[in-house]
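Me: I would like to learn how to read a structure of this kind, one feature at a time. Could we go through it together?
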Amino acid sequence: MLKKQPKSIDSQFLIRVIRKEVSPEENEYFLSWLSESEQNKEEFGNFVLVWDLADQSQIVSPPDVVQQWNEIQKQIVEANSPQEVIPSQSIQIDQSNKFIRSEAHQLHKRDYAWLFRAAAVIIISLGLFYFVELGNNYKQPQIMTFAEQTNPTLYELVTQKGERKTFPLADGTIVYLNSGSKLTYPKIFAESTREVEIEGEAYFSVKPDKEKPFLVRSGKMITEVTGTEFNVRHRDNKVNVVVSKGSVKTFLDDSDHSIDLIKGQMISYSERRGFSSPKRVNLKNYLAWRDNKFSFEHTSLKEVMAEIERYYNLEIVYSNETAMDKLLTGVFDNDSLEQVLSVISLTLDIQIDYKGNRVSIK
């Protein structure tokens, strides 16, 4: 049976949830993640608590340097003031005592020189403390450099056989990645476009942005949208695009000619045959994997078993190669591998042996 891969959410996504800046699709993804486990609920609860505490914290107010200096000067004056009143007659100073008074005055100035130095140190320290605290509380906004715009850092999200993942991109687009697939995407999108690459199969729920088109590269083919939902399947040098909402544009990266698709339409492309004509299809058949189902319409057994192999992480062996070309039509719930194989065996009149993770077709 398929082992479900837990959903992953980063702190930036949770901040957008708290601020109510998520789309309905993102909110659906968040609620699904939240209901997966008690650990996720506890993680979100702790995050909200930390966020509330951070929001209530205040940045340290800057010190009033003038006020601090005045206070220090006041202390100096008080310290320099005489402690008792000197009788008037004692003010009569002999010329011979001038040298003594001058020396005493210089000594007095040296006694309080340390206080001026201390005052300077205190004021500078207060200023440094303020700016350090300000730096700790201020978050520098993310600014994308020119290098990041022209050569963005690319990441890969990969699903193995028997694994599926749901992943939010930086712009709020949600990607549902099928088994045995790889999504290549940038950490930060460029200023003019949002471009990703898919090998395998993925369903895209694109965040609307008419000023910044969303591009999906699959081999030589490019699918361009501004905000819609569609499925891209890129396997064995063949590409299928099915639109479930809105409209998309498809074209080759070295051509100016494009083909428009609307909801319910599909187009195929291969290097040998080029583009097919857009045609109406049953969306349930092509999006069945989103509901954990298999849906086939005049599909060869080879392609059918390839899907089953990816979903259940199996090894398929053919003893009867002529059976590979037999065609199958039908929808299967994939809860039970034994049941799926049994139906295929009876429908196509072939023998299928299943042991461990090895399936033999005779």
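Me: Is Lys245 buried, partly exposed or exposed?

Reply: This is a predicted model, and the relative accessibility of Lys245 in it is 44%, so this residue counts as partly exposed, falling between the 20% and 50% cut-offs. Its side chain meets that of Glu229 in a salt bridge, with 3.5 Å from N to O. Glu229 is in strand E8 and Lys245 in strand E9, so the pair links parts of the chain that are 16 residues apart. Glu229, for its part, counts as buried, at 10% relative accessibility.

Me: How far should I trust the coordinates before reading such details, and what pLDDT does the chain average?

Reply: The general idea is that predicted coordinates should not be read in detail where pLDDT is low. Here the chain averages a pLDDT of 76, and 69% of the residues score at least 70. Over residues 56-62, however, the pLDDT is below 50, and this stretch has 7 contacts in the model beyond near neighbours in sequence. The value also stays under 50 over residues 119-148, for which the model has 23 contacts beyond four places in sequence.

Me: Returning to salt bridges, how many does the count come to, and which residue forms one with Asp171?

Reply: The count comes to 14 salt bridges. Asp171 forms one with Arg194, and the closest N and O atoms are 2.5 Å apart. Asp171 lies in the loop between strands E2 (165-168) and E3 (174-177), whereas Arg194 belongs to strand E5, so the pair ties together parts of the chain that are 23 residues apart in sequence. Asp171 is buried, with a relative accessible area of 17%, and Arg194 is buried as well, at 2%.

Me: Which residue forms a salt bridge with Lys293, and which residues are linked in a network?

Reply: The partner of Lys293 is Asp333, with the closest N and O atoms 4.0 Å apart. This pair links distant parts of the chain, since Asp333 is in strand E17 (residues 327-333) and Lys293 in strand E15, 40 residues apart. Asp333 is partly exposed, with a relative accessible area of 46%, and Lys293 also counts as partly exposed, at 35%. The network of salt bridges links Glu201, Arg233, Arg235, Glu307 and Arg310.

Me: How should I read a nonpolar core, and how many residues has the largest one?

Reply: In soluble globular proteins, nonpolar side chains tend to be buried together. The largest nonpolar core in this model has 28 residues, and those with the most contacts inside it are Leu169, Leu183, Val196, Phe204, Phe214, Phe230 and Val241. Strand E5 supplies the largest share of this core, namely 4 residues. Apart from it lies another core, of 22 residues, among them Met305, Tyr312, Leu328 and Phe332. To look at one member of the larger core in detail, take Phe230, which, leaving aside its neighbours within four places in sequence, is in contact with residues including Ala202, Phe204, Val216, Val225, Val241 and Val248.

Me: Why is strand E12 described as largely enclosed, and with which strand does it pair over 5 bridges?

Reply: Strand E12 (residues 265-270) has 5 of its 6 residues buried, so it is largely enclosed by the rest of the structure. The pairing over 5 bridges is with strand E9 (residues 238-245), in the antiparallel sense, and within it Lys238 has Ser270 as its bridge partner. Strand E12 also runs antiparallel to strand E14 (residues 279-280), joined by 2 bridges, where Met266 is partnered with Lys279. A further 2 bridges join E12 to strand E13 (residues 274-275), again antiparallel, with Gly274 as the partner of Ser270. A hairpin through 3 residues joins E12 to E13.

Me: What is unusual to look for in backbone angles, and what is the phi of Asn237?

Reply: One thing to look for is the sign of phi in residues other than glycine. Asn237 has a positive phi of about 60 degrees although it is not a glycine. This residue is found in the loop between strands E8 (229-235) and E9, and it counts as exposed, at 61% relative accessibility. Asn292 likewise has a positive phi, near 60 degrees; it lies in the loop between helix H7 (283-286) and strand E15 (293-300) and is partly exposed, with a relative accessible area of 29%.

How values were computed. Residues numbered from 1 in each chain as written. Predicted model: local features only at pLDDT ≥ 70, side-chain atom pairs only at ≥ 80, totals over all residues. Heavy atoms only, no water. Buried < 20%, exposed > 50% of the residue type's maximum accessible area, 1.4 Å probe, protein only. Pairing = 2+ DSSP bridges. Core = buried A, V, L, I, M, F, W, Y, C linked by side-chain atoms within 4.5 Å. Contact = heavy atoms within 4.5 Å. pLDDT = per-residue confidence, 0-100.
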